[in-house]
Amino acid sequence: MPTYVGAIDQGTTSSRFIVFDRTGRIVSVAQKEHEQIYPKPGWVEHDPAEIWRRVETVIAEAMEAKDLKPSDLAAIGITNQRETTLVWNRKTGEAVYNAIVWQDTRVGDAVGEFSADGGQDRYRAKTGLPLATYFSGLKIRWILNNVEGARAAAEAGELLFGNIDTFLIWNLTGGVEGGIHVTDVTNASRTQLMNLATLQWDEEILADFGIPKVMLPEIRSSAEVYGKAVLGPIRDVAIAGDLGDQQAALFGQACFSPGEAKNTYGTGCFMLMNTGEKIVPSKCGLLTTLGYKIGDKPAIYALEGSIAITGALVQWLRDNLNMIEKSSDIEPLARTVNDNGGVYFVPAFSGLYAPYWKDTARGVVAGLTRFVNKGHIARAVLEATAYQVREVLDAMEMDSGIELANLRTDGGMVGNHLLMQFQANILNKPVVRPVVQETTALGAAYAAGLAVGFFEDTEELVANWAEDHRWRPSMDEAVREKLYHFWKKAVTRTFDWTE
């Protein structure tokens, strides 16, 4: 009898394979980074062949490290960076162009062009999404319009589109030798091509964007057997779970009841709230999206606040300014001062996402004086994450009419005590970290385990969740409101920078 479930977590900066036991604890893990390609300002790409090689490597390494055989795994789930867009040839398996990453802003002109007729929200009623550079649909259009021969090949049925989940499932289940071409509802909901109500590709939007339907994957649930792996170390293991990374974290945090929410602190920050079987349209700049769908059960929807740059700002401080040697150095540097010294850093590097959706915003550092030093800048960098999260949480409470009792957190930055304490202070709510912090991979493993009966039901997953640490607010209300007032002021300085 298999005793474990596996998860491929293909993220923006790295790929991991993690094996979990029945209680959600990590048994084995391997991780490899991949290259970030920046051909022009605002353009961000990944090499799909490199990502696939990294995924093969981490699977082999994690299985080998604990001497695991395919028969030890009940199933494997996949979670992935969402919106990152890939078009490849079904006969050769080769991509016609690099993967265009979710942060990429090259389709800004197309966003303007489509918004000119019907406004930024012309597709929001159907898709839950505003027109923005973020989603996959316009990125597919860019590839078809800019790669020689791509449009003709797509119309002839020779090309396949997928977000990274689809590309991985196709390769894992055989690739050119009969690979399965599918996606799940959560990933499909991030393309701006799926109708939220029908869970099918929307013919009208496909026609508007000029995307042949024949290149799109079949939309399936998030927890079902899609096919069997053909890869040596996991041969014949069922590939049975598929969730976009933020929905996977919602699943891994066991937010199965309407009103439960989590916030993931990664490259960007993503807050999701379960809204049950109800599609809740946003009036406050959030996205209406799919939460998950388990097999034949009804789809569960969510509200999402997406922030483009949080952890990426710390990386920028490290790599572009060389102010710190490694990301973890930011906390000790920020602790050399007692406050931000009046400095606010708004990281609108690729425009602003929720709740503003301004592609023409660019980053600003405000409030500089001769008094300011490196410590103040470091603190402003950390606080930028907490302020952006507050903006999203305020919008979420207004849209849903639900006041959150606390915020469940996960992701790379939750080990930073200074940030988490400031987050609790600026929200005036407790911030809670679970024992298992790899909730994204865990969510994918849970979905796969449910699909094959390794886990009985979601109750079992709720019972697995355990609190590790809780930060309680300890800031004077007047101080909180003053800090937030100046943050809001700094944000307005980023608007309409590009013309």
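**Exercise 1. Which residues form one aromatic cluster with W102 in this predicted model?**

Solution.
- Start at W102. Its cluster includes Y134 and F135.
- Add F270, Y353 and W357 to complete the cluster.
- Now take the overall tally. The count of aromatic pairs comes to 26.

**Exercise 2. Classify the ring pair W43 and W142, then place both residues in the chain.**

Solution.
- Take the distance. The ring centres of W43 and W142 are 5.5 Å apart.
- Take the angle. The planes stand at 85°. Planes over 60 degrees apart count as edge-to-face, so W43 and W142 form an edge-to-face pair.
- Locate the partners. W43 lies in the loop between β3 (26-33) and β4 (45-46). W142 belongs to helix α4 (residues 136-146).
- Draw the conclusion. The two parts are 99 residues apart in sequence, so the pair ties them together.
- Check accessibility. Buried means under 20% relative accessible area. W43 is at 16%, so W43 is buried. W142 is also at 16% and counts as buried.

**Exercise 3. What geometry do the rings of F256 and Y292 adopt, and which parts of the chain do they link?**

Solution.
- The centres of the F256 and Y292 rings lie 5.8 Å apart.
- Their planes meet at 90°, so this pair is edge-to-face.
- F256 sits in the loop between α9 (245-252) and β15 (261-265). Y292 is in strand β17 (residues 287-292).
- The pair links distant parts of the chain, 36 residues apart.
- F256 has 14% relative accessibility and is buried. Y292, at 6%, is buried too.

**Exercise 4. Which rings have R106 and R408 over their faces?**

Solution.
- R106 lies over the face of W142, 4.5 Å from the ring centre.
- R408 lies over the face of W465, at 3.8 Å from the ring centre.

**Exercise 5. Inspect the backbone at P355, D236 and D496.**

Solution.
- Begin with the peptide bond. A354 and P355 are joined in cis, with omega about -5°. P355 lies in the loop between β19 (344-346) and β20 (364-366).
- Turn to D236. Its phi is near 70°, a positive value in a residue other than glycine. D236 is in the loop between β13 (223-228) and β14 (238-244).
- Apply the exposure cut-off, over 50%. The relative accessible area of D236 is 53%, so D236 is exposed.
- Finish with D496. Phi here is near 55°, again positive in a non-glycine residue. D496 lies in the segment after α16 (477-492). Its relative accessibility is 52%, so D496 counts as exposed.

Definitions and conventions. Residues numbered from 1 in each chain as written. Predicted model: local features only at pLDDT ≥ 70, side-chain atom pairs only at ≥ 80, totals over all residues. Heavy atoms only, no water. Helix = DSSP H or I, 4+ residues; strand = E, 2+ residues; numbered from the N terminus. Buried < 20%, exposed > 50% of the residue type's maximum accessible area, 1.4 Å probe, protein only. Phe/Tyr/Trp six-rings, centres within 6.5 Å; stacked < 30°, edge-to-face > 60°. Lys NZ or Arg CZ within 6 Å of the ring centre and 35° of its normal.
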